[in-house]
Amino acid sequence: MCIRDRTTGLLFQMLRAKQFGGALKTAPASKKFDFEVNLRCDKKQVNDSGYLTDCFALIVERLIESLAINSNKVVFPDLIVFVHVNLKRISARLRSSVLKKELREVYKIVRDHGQLVSYHRRKAGFTPLESEKQNTFSSTIQADENQLLKRYEELEEKRKSMITQKILAEQQVFYVAKTPRQDKSQKKSKKDDPVKKKKAVKQ
């Protein structure tokens, strides 16, 4: 049985974009695009290899997130049939070894976890149609066994850490800009003030 999820379908549609299928070109003076901050991208940067690689990685992360949500459900082996087919097709048309490697890693994690869920499903001795037992099925898979969920949590932790670092960096820049700076000419005039010098001599 093959179950199609709408979210994964949209993500695969993005991964099939022609920009990812061609040879990636590196711009000589390209800046790293920040997806967390920027809303628009320069036209020259759209076809840059750095931008496309980061964009591809971001879509793959959302794919992992979508699959991790259902990773402990009894229907997971049926859900990933559609995923396996699309990962193979997209990987075959990619020319970039970096993008291919990324998809192969995802395929391996998804395949291994699908086999694990299938094992527990056979062990439990029921089919996906037995809705009464589905609620208790997720508890049969230990947290340390779910490599797909672990991968998603690692990516999410990395993303949160990057956002925190950016906020701290922005705050530091803001405080430095707001800190009042004393003019050098004012400092010099105060130091060489003859009135203050006379008072000091009289004392």
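1. A starting point on terms: helices here are DSSP runs of at least four residues, numbered from the N terminus. With that in hand, alanine 17 is easy to place, in the loop between H1 and helix H2 (18-21). Please keep in mind throughout that this is a predicted model.

2. Now the overall picture. The protein chain holds ten helices and zero strands. Read from the N terminus, its elements run α-α-α-α-α-α-α-α-α-α. The chain has 203 residues, and 30% of them count as buried. Its accessible surface is about 14,700 Å², with 54% of that belonging to carbon and sulfur atoms. As for contacts between residues at least 6 apart in sequence, 72% join residues at least 24 apart.

3. Back to alanine 17 for a moment. Is this residue buried or partly exposed? Its relative accessibility is 22%, and buried means under 20%, so alanine 17 counts as partly exposed. Isoleucine 90 is 73 residues away from alanine 17 in sequence, yet the two C-alpha atoms are 9.7 Å apart in space.

4. Next, have a look at how H1 meets H4. Helix H1 covers residues 6-15, and its axis comes within 10 Å of the H4 axis, crossing at roughly 165°. Angles over 145 degrees count as roughly antiparallel, and H1 and H4 are therefore roughly antiparallel to each other. The crossing in which H1 passes H4 is left-handed. On the H1 side, the residues taking part are Thr7, Thr8, Leu11, Phe12, Met14 and Leu15, and they meet Phe56, Ile59, Val60, Arg62, Leu63, Ser66 and Leu67 in H4. By type, the residues of this contact of H1 with H4 are nine nonpolar, three polar and one charged.

5. H4 also packs against another helix. Helix H6 spans residues 97-124, and the axes of H4 and H6 are 11 Å apart at an angle of about 10°. Angles under 35 degrees count as roughly parallel, so that is the label for H4 and H6. H4 brings Thr53, Phe56, Ala57, Val60, Ile64 and Leu67 to the contact, while H6 brings Val98, Leu99, Glu102, Leu103, Val106 and Val110. Ten of the residues in the contact of H4 with H6 are nonpolar, one is polar and one is charged.

6. One more residue of H4 deserves a glance. Glycine 50 sits in this helix, which runs over residues 49-69. It is partly exposed, with a relative accessible area of 33%. The C-alpha atom of glycine 50 lies 8.6 Å from that of leucine 24, although the two residues are 26 apart along the chain.

7. H6 has a further partner in H5. The axes of H5 and H6 come within 10 Å and cross at roughly 160°, and the two helices are therefore roughly antiparallel to each other. Their crossing is left-handed. Among the residues making the contact are Phe76, Ile80, Val83, His84 and Leu87 of H5, together with Leu103, Val106, Tyr107, Val110 and Arg111 of H6. The full set of residues in the contact of H5 with H6 divides into twelve nonpolar, five polar and six charged.

8. Finally, which residues does histidine 84 contact, leaving aside its neighbours within four places in sequence? They are Tyr107, Val110 and Arg111. Histidine 84 belongs to helix H5, made of residues 76-93. Its relative accessible area is 17%, and the cut-off for buried is under 20%, so histidine 84 is buried.

Key: Residues numbered from 1 in each chain as written. Predicted model: local features only at pLDDT ≥ 70, side-chain atom pairs only at ≥ 80, totals over all residues. Heavy atoms only, no water. Buried < 20%, exposed > 50% of the residue type's maximum accessible area, 1.4 Å probe, protein only. Contact = heavy atoms within 4.5 Å. Areas by Shrake-Rupley, 256 points an atom, 1.4 Å probe, with all protein chains shown as cover. Axes fitted to C-alpha atoms, helices over the stretch in contact; angles between N-to-C directions. Parallel < 35°, antiparallel > 145°, perpendicular 65-115°, else oblique. Left-handed = near helix turned anticlockwise from the far one by under 90°. Nonpolar A, V, L, I, M, F, W, Y, C, P; charged D, E, K, R; others polar.
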